[in-house]
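Could you walk me through this protein chain, with an eye to its helices, its loops and the spaces inside? Here are the sequence and the structure to follow along.

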Amino acid sequence: MSNQEQSNPAPVKNLKGLLRFCMEATRSEDAPNSSNPEIFEAMTEDRKKWLEEALTSMTVSPVERMQLCVKSIEEAVPDTEAGTEQQVQAITELQDWAEDLDIAGDFIKINGLRVVPKLLSSEVSELRWRCLELLGNIAQNNPTGQTALLTLKLLPAILMLVDTDPNPLVQVKALYAVSCLVRSNSEAQLQLMAYDGLSVLVRALHSEEEKLRMKATFLMSAICNSNPALKDSLVEAGVIEQLVSLLKEEHDSSHEHILSTMLTIVADHATAQKKCRGLDIPTLLCQKIRSLDGQDQFKEEKDYAEQILEVLNQPPRGDTATSAGTNQLLDCDGF
């Protein structure tokens with residue numbers, strides 16, 4: 001632990017944090033043999049100081065600390081190393097506080113979100129991604145936080161960062177924030193459609209950043225499961241074509257998530273199924289099933305492919321006359 005870290009301990013929120021702080025503070029002085037009676041020597045002045053600071057920090061008001069952090073961000077001198085460091089330290093502490101649902105609510109009440117536009121527009125990528133992570137922490141499983149972000153109309157700015165930010169980490173954190181905001185929130189999903197957010201998700205599928213592709217497929221599956229009506233818009237946005245294009249690329253771990261998303265979309269959706277047949281996806285799936293046969297590490301991926309084939313094997317509703325021809329087309333024998 002550096003001298004600076006010792007003199008500026010992070011606020012301790014609970015007893016677990018206090019214990020961790022004390023252990024870290026005394027780690028360098030721990031005796032190699034815990035049975036040695038010398039370890040029970042009297043507490044040194046330095047240790048007393050660390051413990052006193054830790055106990056004091058437990059009495060710190062989260063609201064007061066967050067107000068100081070917001071003020072620190074606002075008063076930081078822009079375009080300077082010292083100013084950037086000041087803002088990074090402040091937003092890092094805010095990230096920690098916002099992990100607590102009640103404290104996140106307090107952050108909203110003190111109008112802490114007023115610093116968000118400044119941070120999201122910063123030229124410093126670390127400030128942008130830390131701010132996005134903060135927003136995700138506030139919105140995750142928190143209807144109050146979601147409503148606050150929607151009221152401030154932050155979704156368009158976050159979507160733009162997903163779509164255009166030059167830093168991949170910022171894009172990933174932006175999609176994390178979007179996911180936390182729109183999952184299980186019908187109003188947020190309506191705004192996602194209104195701001196053409198589904199097209200942003202489709203474009204994210206072709207990012208060179210694997211984490212971004214995986215988060216995009218996960219979010220598509222999540223919103224389709226909670227709101228099947230969104231399948232129409234995704235299909236219209238060309239999601240089936242994009243997923244097929246990705247499956248034709250060199251095999252990697254993202255294919256499992258791609259197939260999972262495709263299965264979610266084609267289930268109970270005649271238009272998506274028709275597109276799949278028109279793109280000869282059954283042939284692609286049969287080839288994939290055969291290539292993965294006997295490889296236990298890809299069992300789930302193979303299962304998804306087989307389930308999609310099973311869905312496509314069913315004749316369109318009300319069209320039993322084509323059943324035999326369809327079954328013949330989707331039979332993997334002979335591939």
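Asn-141, just after helix H8, takes a positive phi of about 55°. Please keep in mind that this is a predicted model. Such a backbone angle catches the eye, since most residues other than glycine have a negative phi. The helix that comes before Asn-141 is H8, made up of residues 125-139. Its length can be checked with a little arithmetic: at 1.5 Å a residue, these 15 residues should span 21 Å, and because the end C-alpha atoms are 21 Å apart, the model agrees with the expectation. H8 is also mostly covered, with 13 of its 15 residues buried.

Moving along the chain, you come to helix H9, which runs over residues 143-151. Its buried residues are Gly-145, Gln-146, Ala-148, Leu-149 and Leu-150. What lies over them? The cover includes H8, together with helix H6 (101-109), helix H11 (168-182) and helix H12 (186-194). H9, like H8, has a positive phi after it: the residue here is Lys-153, with a value near 55°.

Two of the buried residues of H9 lead us on to a loop. Asn-185 sits between H11 and H12, and, leaving aside neighbours within four places in sequence, Asn-185 is in contact with Gln-146 and Leu-150. Is Asn-185 buried or exposed? Its relative accessibility is 10%, and because buried means under 20%, Asn-185 counts as buried. Asn-185 also lies 9.2 Å from Ile-223, C-alpha to C-alpha, although the two are 38 residues apart in sequence.

Ser-184 belongs to the loop between H11 and H12 as well. Here the picture is another one: Ser-184 has a relative accessible area of 71%, so it is exposed, the cut-off being over 50%. Its phi is near 60°, a positive value in a residue other than glycine.

A further positive phi, of about 60°, is found at Asn-111, which is not a glycine either. To find Asn-111, look in the loop that joins H6 to helix H7 (116-120). Asn-111 has 43% relative accessibility and therefore counts as partly exposed.

Now travel further towards the later helices. Ala-237 is placed in the loop between helix H15 (230-236) and helix H16 (239-247). With a relative accessible area of 30%, Ala-237 is partly exposed. Not counting residues up to four places away in sequence, Ala-237 touches Ser-199 and Val-202. Leu-201 is 36 residues from Ala-237 in sequence, while the C-alpha atoms of the two are 9.7 Å apart in space.

What about empty space inside the protein? The structure holds 2 cavities of 30 Å³ or more. In the largest cavity there is about 40 Å³ of space. The residues that line the largest cavity are Leu-205, Arg-213, Leu-246, Glu-249, Glu-250, Asp-252, Ser-254, His-255 and Ile-258. By class, this lining divides into 3 nonpolar, 2 polar and 4 charged residues. Which helix gives the most to the lining of the largest cavity? That is H17 (residues 254-266), with 3 residues.

The second largest cavity has about 30 Å³ of space. Around it are Leu-205, Arg-213, Met-214, Thr-217, Leu-246, Ser-254, His-257 and Ile-258. Helix H14 (210-226) and H17 are the elements that give two or more residues to this lining. In the lining of the second largest cavity, 4 residues are nonpolar, 3 are polar and 1 is charged. Several residues appear in the linings of both cavities, among them Leu-205, Arg-213 and Leu-246.

Finally, step back and take in the protein chain as a whole. Its secondary structure comes to 21 helices and 0 strands. The chain has 335 residues, of which 44% count as buried. Of the contacts between residues at least 6 apart in sequence, 69% join residues at least 24 apart. The accessible surface comes to about 18100 Å², and 50% of this surface belongs to carbon and sulfur atoms.

Notes: Residues are numbered from 1 along each chain as its sequence is written. This is a predicted model: local features need pLDDT of at least 70, side-chain atom pairs count only at pLDDT 80 or more; totals for chains, interfaces and linings use all residues. Side-chain values use heavy atoms; hydrogens and water are left out. Helices (H or I, at least four residues) and strands (E, at least two) are DSSP runs, numbered from the N terminus. The expected span of a helix is 1.5 Å times one less than its number of residues. Buried means under 20% relative accessible area, exposed over 50%, partly exposed in between (1.4 Å probe, protein chains only). On a 1 Å grid over the protein atoms alone, a cavity is a set of points where a 1.4 Å probe fits but cannot get out, and a pocket is an open set with protein on both sides within 12 Å along at least five of seven lines; lining residues have an atom within 4 Å of a point. Grid points are joined across faces, edges and corners, and a volume is the space filled by probe spheres set on the points. Ala, Val, Leu, Ile, Met, Phe, Trp, Tyr, Cys and Pro count as nonpolar, Asp, Glu, Lys and Arg as charged, and the others, Gly among them, as polar. Contact means heavy atoms within 4.5 Å. Accessible areas come from the Shrake-Rupley method with a 1.4 Å probe; for residues, only the protein chains shown count as cover.
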